[in-house]
Amino acid sequence: MGAQGITDHCFNAPQERVKYKGKDANYQWGGHHWTQTTWNKVHIIKAVYEFGVNVIHSDTDVVWFGDPLPFFHERLSGPVHVIMATDAVATGNPVGDMGLEVTTNPFTNINTGIYFIKQYAGGLDMFKAWLDWQDKNIGHDQDGFNTMARGSGFRHEDKHLPPAVLPSDATANRYFYAAMHNTTGVSFLPASMFGNTYTYVNARLWEKLKHPLYAIHWVWGGSTLESKRQNMRDAMKFHDEPDYYTSPNLVTFDLDLLPMPDDFNDWKMTEEMIRFHVQAANYQLQQAYYAFAIALIANRTLVMPRFQCYCSKNWYQTQQCRINFEKATTFPFTCALSHVLRVKKLEAGFRLPDNTEYSGHRVFIREYSFLDNPKVPDSLKKSFVEIVPSQMPRAANLGADELVVSVEPAPRGYGQRVTVAAPLVDRELRQVLGRFKGVRVLHFPQPARTLSGFSTYATWEQYDAEIQKHVAYWCCRTPPDMQSMNLTDKVQLVALPPERYKNLPAHGGKSSYLHEVGPIRRMPGQIF
């Protein structure tokens, strides 16, 4: 393209190639505006392809971990012309097999978030066959490609569609010929190497199979822009401005975990797995309850811990706490933050609206990998004080100078360890933290033992209401389990400690609290 005088980094398709005319102003997933925008991408890719170049397409919610060109050039030979990503959460490729997807077949859902199309004689005709579906109410561009490539293998009810062609060497070369363009060889990218949120966060496929990781498409995770961005930040693959890494004064904290049963990964009883996960998640959130309170009192940014999950969260049913019967996920795994907290609300900053005591205080968050990021300066990381609770019972009515029991070097080799007469109420904590205003990182190994709560009744009540608004739910049970055991599909997670449960809002409909759910009812003949 450079040889043809195209030197800009961006390329616009001519307007006559664009079907969308802007009649629907509401851009939302599944709407007309959104659907036509997805088709416009295909027009743009076709316009670029017409310059005689191979094309890699990548959605904006894809991040790259490695250079895929050697992979594509080595495998786009012979009959394979197009390599597509899929919606799979597992791969048939065994350990060490770094080829195209061994289970490539017309019955796997194609995802057009990542694909590679090489130059070949039928390429422009293939684009025409794909774009012919735009005006047939088939759906978005992904539905169009699935229909064109897989034919009757995509929508089984459409028996009038031709099937994709499986040539005699399909198994050896891992491809099939497109149903509506039977000279185009289609193959799939393994979900281990070109993954999604589920295979990256939950299953960790590339690690287990010793495959190189090239890209992650942040689908199969939280649905909001904010949750996807949080996942990218966790992976240290989101570019924030320098101030993001250098400006905040931080609170960090450790998590204590419930012991996981030794045989938990072999359990077959989905409902019992769900209940252990919710119990374990609540146990962690109830420690975060005190950490958020400390950060609010100190008016500091809170670094998220590595929350541990013992069940996958999804928008439809799980089987043995995994989805689509995949077997690779082992528990626990480090949760995506949206599994336990509402990321969109957190990005706006946690605060107590209309509260006079902490007016102006707002807790922003940083990802669990923040202090591992090389963009964070060492001068910030090493400006460090660890605040630990004394093991001795505290006396009543201590003065400000008596709240600090001892100060010594921190075990990590820099900073200080400060032992306090815990538990402290908020006004006492403010007095202690007043000594360390210039310290960048305040670390609380045991936040629930260090802070007892708020000294003002109204503030504590308001805090309970606000923190619970930022907590996510777990989902989803299977319809047969819901019906046979009279259960909801969702379970609302809880950050409030049990002694504060009286402040939880009422729940009903599709959601319930674990502590309100009765024992598991086994129906005659039912297997867990």
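**Exercise 1. Helices α10 and α13**

How near do the axes of α10 and helix α13 (residues 426–433) come, and at what angle do they cross?

Solution. In this predicted model, the axes of α10 and α13 come within 10 Å and cross at roughly 60°. Angles of 65 to 115 degrees count as roughly perpendicular and those under 35 degrees as roughly parallel, and the crossing at roughly 60° therefore makes α10 oblique to α13. The sense of this crossing is right-handed. On the side of α10 the residues that take part are Ile294, Ile297 and Ala298, and these meet Asp426, Leu429, Arg430 and Leu433 in α13. Sorted by character, the residues of this contact comprise five nonpolar and two charged, with no polar residue.

**Exercise 2. Helices α10 and α15**

Describe the packing of helix α10 (residues 270–298) against helix α15 (residues 457–469), beginning with the axes and ending with the residues in contact.

Solution. The axes of α10 and α15 come within 11 Å, and their crossing angle is roughly 120°. Since the range for roughly perpendicular ends at 115 degrees and roughly antiparallel requires over 145, α10 is oblique to α15. The handedness of the crossing is right-handed. From α10 the contact draws on Tyr289, Phe292, Ala293 and Leu296, while α15 supplies Trp460, Tyr463, Asp464 and Ile467. These residues divide into seven nonpolar and one charged, and none of them is polar.

**Exercise 3. Helices α1 and α3**

Which relative orientation do α1 and α3 have, and which residues of the two helices meet?

Solution. Helix α1 (residues 32–49) packs against helix α3 (residues 123–131) at an angle of about 165°, and their axes lie 11 Å apart. Angles over 145 degrees count as roughly antiparallel, and α1 and α3 are therefore roughly antiparallel to each other. Their crossing is left-handed. In α1 the residues concerned are Trp39, Val42, His43, Ile45, Lys46 and Tyr49, which meet Gly123, Leu124, Phe127, Trp130 and Leu131 in α3. Eight nonpolar, two polar and one charged residue make up this contact.

**Exercise 4. The second largest pocket**

What is the volume of the second largest pocket, and how do the residues of its lining divide by character?

Solution. The volume of the second largest pocket is about 330 Å³. Its lining consists of 17 residues, and those nearest the centre of the pocket are Thr252, Val303, Tyr368, Leu371 and Arg412. Two elements, β9 (250–253) and β18 (441–444), give two or more residues to this lining. By character, the lining of the second largest pocket is made up of nine nonpolar, three polar and five charged residues.

**Exercise 5. Backbone geometry in three loops**

Locate the cis peptide bond between Phe331 and Pro332, the cis peptide bond from Cys475 to Cys476, and the positive phi of Lys210.

Solution. Begin with Phe331 and Pro332, which are joined by a cis peptide bond whose omega is about 0°; Pro332 belongs to the loop between β11 (308–309) and β12 (333–334). Turn next to the peptide bond from Cys475 to Cys476, which is also cis, with omega near 10°, and note that Cys476 sits in the loop between β20 (473–475) and α16 (479–485). Finally, Lys210, a residue other than glycine, has a positive phi near 55°, and its place is in the loop between α7 (205–209) and β8 (215–217).

Notes:
Residues are numbered from 1 along each chain as its sequence is written. This is a predicted model: local features need pLDDT of at least 70, side-chain atom pairs count only at pLDDT 80 or more; totals for chains, interfaces and linings use all residues. Side-chain values use heavy atoms; hydrogens and water are left out. Axes are lines fitted to C-alpha atoms, for helices over the stretch in contact, and angles run from 0 to 180 degrees between N-to-C directions. Helices (H or I, at least four residues) and strands (E, at least two) are DSSP runs, numbered from the N terminus. A crossing is left-handed if the near helix is turned anticlockwise from the far one by less than a right angle, and right-handed if clockwise. Contact means heavy atoms within 4.5 Å. Ala, Val, Leu, Ile, Met, Phe, Trp, Tyr, Cys and Pro count as nonpolar, Asp, Glu, Lys and Arg as charged, and the others, Gly among them, as polar. On a 1 Å grid over the protein atoms alone, a cavity is a set of points where a 1.4 Å probe fits but cannot get out, and a pocket is an open set with protein on both sides within 12 Å along at least five of seven lines; lining residues have an atom within 4 Å of a point. Grid points are joined across faces, edges and corners, and a volume is the space filled by probe spheres set on the points.
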